[in-house]
Amino acid sequence: MENTPDLYVGLMSGTSLDGVDAALVEITPHTSPRLLATHAEPMPTALREMLLTLCHASSASFAELAAAEDAFCHLQARAVSALLVQQGLTGDAIAAIGSHGQTVEHAPNGHQGGPAYTLQLDNPSLLAELTNCRVVADFRRRDLAAGGQAAPLAPAFHQALFHSGEEERVILNLGGFANITWLSQDGGAPLGFDTGPANVLLDAWCQHHGHGTFDENGAWAASGHVDSALLTRLLSEAFFHQPPPRSTGRELFHLPWLESHLNGAEAPADVQATLAELTAASVAQGIGQFLGSRPLTLIIGGGGARNADLCQRLANHLPNANLRPASDWGFPADWIEAGAFAWLAYRRLHNLPGNLPSVTGAKGERVLGGIYAA
Ligand SMILES: Nc1ncnc2c1ncn2[C@@H]1O[C@H](COP(=O)(O)OP(=O)(O)OP(=O)(O)O)[C@@H](O)[C@H]1O
Ligand SMILES: CC(=O)N[C@H]1[C@@H]2OC[C@@H](O2)[C@@H](O)[C@@H]1O[C@H](C)C(=O)O
């Protein structure tokens with residue numbers, strides 16, 4: 001594709017269901033991806049509720065799935081349109097949109113003996129129609145077909161953006177879930193995996209107690225005390241002890257999972273503090289597997305980077321970590337994942353692999369995603 005433009009739009013709507021992030025990224029073969037512009041389109045409450053219901057559904061009608069997918073696709077199209085209008089661009093300036101879709105279920109090891117699957121609601125045909133852009137979508141399932149976990153996928157982008165020959169770096173995403181990528185300075189294959197929940201339980205507990213959709217700055221968690229017996233019970237979950245490759249989602253970590261570990265006598269603020277500590281402890285445990293207590297540069301992405309209490313807990317667990325903001329590389333914390341899907345679209349158009357078998361456990365490198373013409 002010699003004459004394709006260098007501009008890509010990455011679309012990400014993550015497990016927090018807070019909205020669609022759209023990132024305009026310039027990508028060329030010999031330079032680092034450059035973030036040019038961003039737009040966040042908030043998730044309407046009705047759509048959020050529809051998607052949450054599907055995330056926890058043991059059954060759903062085709063009509064419900066279609067309605068959610070259609071509304072989600074129109075939301076994505078509004079995000080793209082706002083981004084392009086803001087930049088004075090039209091669809092033909094864009095080489096491709098990379099669309100992640102909305103994960104509603106992730107079962108890379110199968111469910112009750114059934115086949116492995118990962119399900120993202122997405123309608124790339126409709127998105128191409130609504131935006132007049134070429135769309136690349138369905139990034140996860142090829143990795144799954146090759147025996148991988150289909151997640152996390154961002155580590156390959158982390159390598160492209162953050163690798164250094166001078167120091168070891170860990171990139172931590174604190175979204176609904178947390179995932180880490182370890183980049184050694186010798187350029188060896190990156191390692192990475194989901195460490196467990198980041199904000200998903202903090203958000204759910206907050207909402208359950210009428211404290212808003214999330215714990216602003218971690219203030220509520222900071223007002224409580226960690227219940228060490230509860231923390232031990234939560235950390236006994238098998239997922240935290242599985243060797244990589246591993247990935248997880250809302251199927252395992254949800255409010256009823258938390259409630260099944262409570263004795264009912266805990267003060268709500270203490271539960272919030274314990275959940276924040278669970279995130280920090282499970283991330284630190286994951287990083288410790290790679291690095292022991294060696295010094296490292298830690299780059300934090302995702303909405304949790306704005307939670308001062310959570311970041312302080314991480315710093316307490318990782319005294320040898322030098323925290324650097326992702327914005328030092330031109331990608332503020334909130335835009336790394338959307339940037340990753342712009343980059344993955346670029347990789348697809350150029351028939352380059354998008355997965356890292358060292359992370360997902362796939363049999364080999366694979367070109368990820370399907371192309372939908374403008
Ligand atoms: N100021 C803040 N204080 C505390 N927490 C915050 C703040 N801003 C964002 N968050 C947290 O970040 C979450 C959103 O993070 P993000 O958008 O990275 O998640 P996501 O991309 O949906 O998830 P994932 O990476 O798992 O797919 C919110 O739900 C909230 O918990
Ligand atoms: C199945 C799925 O959507 N997983 C998400 C989720 O959110 C964070 C973590 O769990 C990560 O594994 C992944 O997203 C990012 C973009 C990834 O694939 O790297």
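**Exercise 1.** Leaving aside its neighbours within four places in sequence, which residues is S16 in contact with?

*Solution.* A word on the setup: this is a predicted model, where local features need pLDDT of at least 70, side-chain atom pairs count only at pLDDT 80 or more, and totals for chains, interfaces and linings use all residues. Residues are numbered from 1 along each chain as its sequence is written, while chains are lettered from A and ligands numbered from 1 in the order in which they are written.

Step 1: take contact as C-beta atoms, placed from the backbone, lying within 7 Å. Step 2: drop the neighbours within four places, and S16 touches G175, G176, N199, V200, D203 and G303.

**Exercise 2.** Where does S16 sit, and why does S16 count as buried or exposed?

*Solution.* Step 1: find S16 in the loop between β1 (7-13) and β2 (19-26); strands are DSSP runs of E, at least two residues, numbered from the N terminus. Step 2: apply the cut-offs (buried at 20 or more other C-beta atoms within 10 Å, exposed at 12 or fewer, partly exposed in between, C-beta atoms placed from the backbone). S16 has 20 C-beta neighbours inside 10 Å, so S16 counts as buried.

**Exercise 3.** What can you say about G19?

*Solution.* Step 1: place G19 in strand β2. Step 2: G19 has 19 other C-beta atoms within 10 Å, so G19 is partly exposed. Step 3: beyond four places in sequence, the contacts of G19 are S13, A40, E41, P42 and M43.

Terms used:
Helix = DSSP H or I, 4+ residues; strand = E, 2+ residues; numbered from the N terminus. Contact = placed C-beta atoms within 7 Å.
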